[in-house]
Amino acid sequence: MSHLYENIEPNTIDDELVQKVLEEERTEDMKKIVRREGFNLKDLKELQLSFRNILQIANLWQFENLTKLQLDNNIIEKIEGLESLVHLVWLDLSFNNIEVIEGLGTLVKLQDLSLYSNRISKIENLDTLQELQIFSIGKNNLTTLEDVVYFRRFKHLRTLNLAGNPLCDDKRYMLYVVAHVPKLVYLDFKLVRDSTREEAVLQYQYHIEPLEQEEAEALAQLEDKQAKQKELECHKTAFVEYLNGSFLFDSMFAEDTEAAKLACLPGVDDLLQAYREEFVSVCESLFNYGLKEHENREAEVSHFYECLNEVLTANQQEGRKRILEFEKQSKKRLEEIHNASSYDIAELKRARYREDILQLSEALMGLEILITNQLEEILEEFKRNIAAVASTFTENVKGMMNQCRDLENHHHEKLLEISITTLEKSLKNELDMDLPAAVQTLLVDKNTIVNAVNASHGTRLQSIDKRESDLLSNIDQWQNSVTEKAFQNEIDRNRNRVKEIILFIENLQEELDSIKIPEPTE
Amino acid sequence: MDALEEKEEDEQTVEEKLGSLAVSDDLQDVETKVPVEQDCVPKHSVDVSQLPSSYKTNSPKEKQLLHIADHFLQQYIHLCPNRKPLFLHPVNECGVEKFVSTTVRPTLLPYTELYDWDGCASFVSDYLVMEPLECPITLPSSLYSPTTTLKHQRGNCFDFSVLLCSMLIGAGYDAYCVQGYAILEICTLDETQELCPLLRKPPEEAGKPKHEPLHGLRVHAWVLVLSGKRQVPETFFINPFTGNRHNTTDKRFLGIESVWNHRNYWVNMQDCRHGCKDLIFDLRDATCWEIMLSESNHLQLLPKEKEELFDSDTVREKRMSFDMPPSWVVPIRISPRQFEMRYYQGKKTTLYSKAKLKKWAPYLNGNGLVQRLTIYAGPDYTDAVEVREWFENREDILVRREVNKQTQLTTDYFSKGHSLCLKAHTYKLLEPKTGHTMEFYSEARVDGLQKRVETATEMTEYFMGRDDFLYLRHVDFGKQGEETQRTDMNSKPIMQIKECFHRNPEKPADEDVAECIFLITEEDIHLTYHLKDKYITASKKLFHKLPERASEEHEVFMSLEACTTYQAGSFEKGKSLFHLYNLLKELTAKEKWVKEEVRQSEAEVLTILKIRQTEEANIKLSVPIYNRERNKERRRQQEAMESTVKDELLGQKKQDLHYLAPFLIRNGCTDKLNKVQALRARDDCLTDFKHHLTYRINLIQAHLEKAVEELQKRHLWFQENKNQLSTKEKDDYLSSCSESMFHINVLEQRLNREKQMAPQKYLALKDKLCMDPHLAEHLGYI
């Protein structure tokens, strides 16, 4: 298409262009400031690059905080290079030569998007723009009226402009759009009347209903999934995920090939059934206990932070009080120094003020030391409490896991018994049923069958051990992280406070030093 | 401890007195000892001529009732010889004995205010003027009907109670009149020991009851409202003098002899030694309450020992079958005018402890004053401390005014809807620059202004619910004239403006301004930001503006020296110069805007003062559209409508009224007649009437003659053709003959009556003409 641009020089966005644009907007004062200080592109919120013959969008990645970008009336052919401008709320790409909607997926904050007068023939790649309120895609090449159903997904879309597309020639156009995008307030810059809406609903009732039903179902499914996910997350934070039910039990047998064979032995079925029931019930109680303990832990932690905040707030207020007292008269005193009748008086007053600043500094630091000592005690206590909670939990979990192991051992003994009797019967040919070939191979001698049973037992025990150690290491990790975080917070707080005090005092001193006092008399 | 002992002692004396009450042997002694100061006021005389006959006579049923009552009284005296007499059938205003229950006339009045007990009680206490009993320790000799009480607007405690009870029963309450005993202050409507209800904030102090010789003997009547009906949760008393509610355990009520309503009469059989606090108010309990007209189902419940009260079966039969006759009193009526006037002659004064309360009917005072409470420093009502006034129906919707006599400050309160949403205004004078505090209905104002305090040198404004989180603006003014800056000469120069903001949760704390001070004279702007979480120092920025002229000449007026920044807990000296430049630009624009705001506020104060001055200079009262009495325009419309309706419906009557008109017109008369005209009109009228009567008689005569003639003709015809006629024709003839005969008979009768009546009618008309308003003047003596 280069023949289109015969008379004009196509541009690419580069620093030079941007600088030129910015320069044009600035007043004299600002130019001077920029000359002195330089200019941070991150500070820019709005940028207008209209009528610049831009062919290619580039070099915009540095304007991270841009909220409004105008690129209208250029010769852009492809939407690109906008991925990093995630704060954009307003984007104008009208009067360009764009053919495909693309490259806008990351601009999730976009509320107002204009693609007016381009060459677009399909509405696509806009799924993530859920905040969209105003969308203009008039004077393009949209032909299929049915495509407007796409706009249903924008829950906040109120203004839509489609005028000037081939699809508008369809005599159904108006009612079809209104019916399928029910929340529209303005279509083609005209208010959608209630009467039109009613008519549209009446006419396309049978088109809309299945759509609505589908959407409702999808939504319900999504919600269901989210709820489940949330529940699982909750279980995970309690470290007892998948313990409500037979998941652990099933996983124990899933990894065990021998067990499947042994299950065919007569009587094992009933045995397994009983085993499963008991095992699951122990898991359930472990699960419930875990949830309960989780609540306990949360309560313990929130209680700690409550106490901490209380102490900190009191301290903060005390410090604030001292500072306000000081500030109340600081202005007057500075003026007095400034207006002192002679150098000596000024000097005297200045010295006194300086002393007071030091006193304030000491008072504030004293307060900080006081609170640090106080918090140290609270933190130690917290650490002890957390350790106690964790160790109780560990003990009880171990106890319950041992119950599981006992059940497993019991099951193992029973299974062994059955295996041996079956083997004996088999050797005597007294077995009154046919067994699968795989099982038959086990019923050769005592060693084989005992090995098989033992191996199966071993894998299952391993499964139990693994779940136990996972759980215990999780609780351990929690204990460490919670304690560490509390200590780290305190260290950070202390540092920040000390820094704040030092800076504040420095500031006061600077303020004092900057006061002009009468010249010393000769 | 002392107080407690005193109290006990008091109670003892109460008991003693009550003991003496129960044992009425002492009564005569006490009665002789009644101090002379207890003035015995005779009841006011009543004009009985206009009262209906039920007031003046007793129906047979009423007579029977009185007989039963006498019998009941005999039994009672026989059984309880020591008790005081019962109040059963005092005489009414016409001197006729009436049973007390029939004096109660349940009536529901057509005012919403009178639907609830408190409305009724306060109306009765306001409307009637209290008269003391003729003798404070004996029952009154008479009991007037509630209609008479209303008419004269005065009465004793019994009259008050009967009226209130009638209204309450009418409104559906289970109310009773009570005959009993109470303390001096209650009986004499002495509220000077009480706190004014309008001032009742602290718990009431237990005033020390003075020793009083007649304690426990003072007769009082009040109203008892039982729980149950009208969703009354708890039984209570109403003192009709004050309209106040009292618990049944109130120590000021010392005993009950009997209670009655419009259906029955109950005598209290319970011990009142300890006042009313232990009384059981279950009137069906025959051990506690002796009923006079027992209802059949209750009779069986009577315990054995009580039954000996009624020694003969006949009495019991009578009591069982007898129903209370309906009240002899006509329904109670209160006209809208009376209801509006509310107080005797439209005003009422009550003395409370260190306070005086005056009330007026609405529209009585030209300035709309309806209530004034004066609070005094001491108990002698001389040294006023505070005056509170309440207004109604004022066009400037002033509802209350408080004047503090010590500070000389006046506070006016307005309802919603005053100009510029004014709510309250505190001032010394309605002049500008004298110090004003104005409160506003902030929710109705666009700027959310809640309060503005203005003095000569300062102005503080308080705001609520603003989008920019501003809640306070304080302005310091300089002295007029000493100003160097460009402001017009009339207004005071602004020295400093301080604005305070609430935290805006959408901004980070150290970008959210908490306080902004424009030091106009110094050309400084101070910004203080909100505290960051856990921080003790707030970030600050201090700008020093250079004169605007500099910027016009394109000089750099922004430099690091012009701005001092303190960023709490950060080594960075804040944002870039670029930012500061923008901020300063913003603030400069804002300063200009805020100055304008302040000037507008000043102008607003002046406007309000002007409006208030004109309003106060010319107070107007408004009339609600529903008030027919007051709303002249409405009333005119209404009357016009009514008269047209009358015209249409009562056309006939109108004609009747104008029966003289043709004669008057014939004589060429207008409004006033002279004697000759009157006489001529009368004569004309009489002659005309005579003609009319003769015409009627002649007409009937003619009809009669014609009918007789016809009958004779037919008779002849029948005689001639008798033999040729069929049986049917014969029958027809006979039936037509009898019909004609009947007709003739009727005509004869009418003729005779007309002839008889004619002279009488003539005389009646003559009399009527003499009475006629048009002619009476001239014919009256004839």
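**Charges, rings and the A–B interface**

B:Arg284 is exposed, since its relative accessible area of 62% is over the 50% cut-off. In this predicted model, the side chain of B:Arg284 meets that of B:Asp282 in a salt bridge, with 3.5 Å from N to O. B:Asp282 itself comes out as partly exposed, at a relative accessible area of 33%.

Salt bridges turn up elsewhere too, and the count over all chains comes to 61. Another of them pairs the side chains of B:Glu499 and B:Lys590, at 2.9 Å from N to O. B:Glu499 sits in strand β21 (residues 494-501) of chain B and B:Lys590 in helix α15 (residues 577-617) of chain B, so this bridge ties together parts that are 91 residues apart in sequence. The two ends are not alike in their surroundings: B:Glu499 counts as buried because its relative accessibility is just 1%, whereas B:Lys590, at 24%, counts as partly exposed. The pair also belongs to something wider, as salt bridges with shared partners join B:Glu499 and B:Lys590 with B:Arg445, B:Asp447, B:Arg452, B:Glu461, B:Arg473, B:Glu597 and B:Glu604 into one network.

Turning to the aromatic side chains, the search of the whole structure finds 34 aromatic pairs over all chains. Take A:Tyr150 and A:Phe154: their ring centres are 6.1 Å apart and their planes stand at 65 degrees, so the pair is edge-to-face. Both partners fall under the 20% cut-off for burial, with A:Tyr150 buried at 12% relative accessibility and A:Phe154 buried at 3%. Over in chain B, ring pairs link B:Phe87, B:Phe99, B:Phe158, B:Trp260 and B:Tyr265 into a cluster.

Some rings have a charge for company instead. B:Phe236 has the charged end of B:Arg245 sitting over its ring, 4.1 Å from the centre. A lysine does the equivalent at B:Tyr462, where B:Lys451 lies over the face of the ring at 5.5 Å from its centre.

That leaves the place where the two chains meet. Here 30 residues of chain A are in contact with 29 residues of chain B. The size of an interface is often given as the accessible area lost when the parts come together. For chain B and chain A that area is about 2700 Å², and carbon and sulfur atoms give 61% of it. On the chain B side, the residues that lose the most area to chain A are B:Lys534, B:Ile536 and B:Phe578, which together account for 29% of what that side buries.

As for charges, the rule finds 1 salt bridge across this interface. It is formed by the side chains of A:Glu327 and B:Lys540, which meet at 2.4 Å from N to O. A:Glu327 lies in helix α7 (residues 268-338) of chain A and B:Lys540 in strand β24 (residues 540-544) of chain B, so the bridge joins two chains. Neither end is fully tucked away: A:Glu327 is partly exposed at 21% relative accessibility, and B:Lys540 is partly exposed at 28%.

Polar contacts between chain B and chain A add up to 7 residue pairs, counting those with both residues at pLDDT 80 or more. On the side of chain B that touches chain A, β25 (563-566) and α15 each supply at least two residues. Of the elements on that side, α15(B) gives the most, with 5 residues. The same helix, α15, holds B:Lys590 of the bridge to B:Glu499.

Definitions and conventions. Residues are numbered from 1 along each chain as its sequence is written. Chains are lettered from A and ligands numbered from 1 in the order in which they are written. This is a predicted model: local features need pLDDT of at least 70, side-chain atom pairs count only at pLDDT 80 or more; totals for chains, interfaces and linings use all residues. Side-chain values use heavy atoms; hydrogens and water are left out. Rings of Phe, Tyr and Trp (its six-membered ring) pair if their centres lie within 6.5 Å; planes under 30 degrees apart count as stacked, over 60 as edge-to-face and the rest as tilted. Buried means under 20% relative accessible area, exposed over 50%, partly exposed in between (1.4 Å probe, protein chains only). A charge sits over a ring if NZ of Lys or CZ of Arg is within 6 Å of the ring centre and within 35 degrees of the ring normal. A salt bridge is a side-chain nitrogen of Lys or Arg within 4 Å of a carboxyl oxygen of Asp or Glu. Helices (H or I, at least four residues) and strands (E, at least two) are DSSP runs, numbered from the N terminus. Contact means heavy atoms within 4.5 Å. Buried area is the accessible area (1.4 Å probe) that two parts lose on being put together, summed over both. A polar contact is a pair of N or O atoms within 3.5 Å; within protein, one must be able to donate a hydrogen and the other to accept it, and residues adjacent in sequence count only if both atoms are side-chain atoms.
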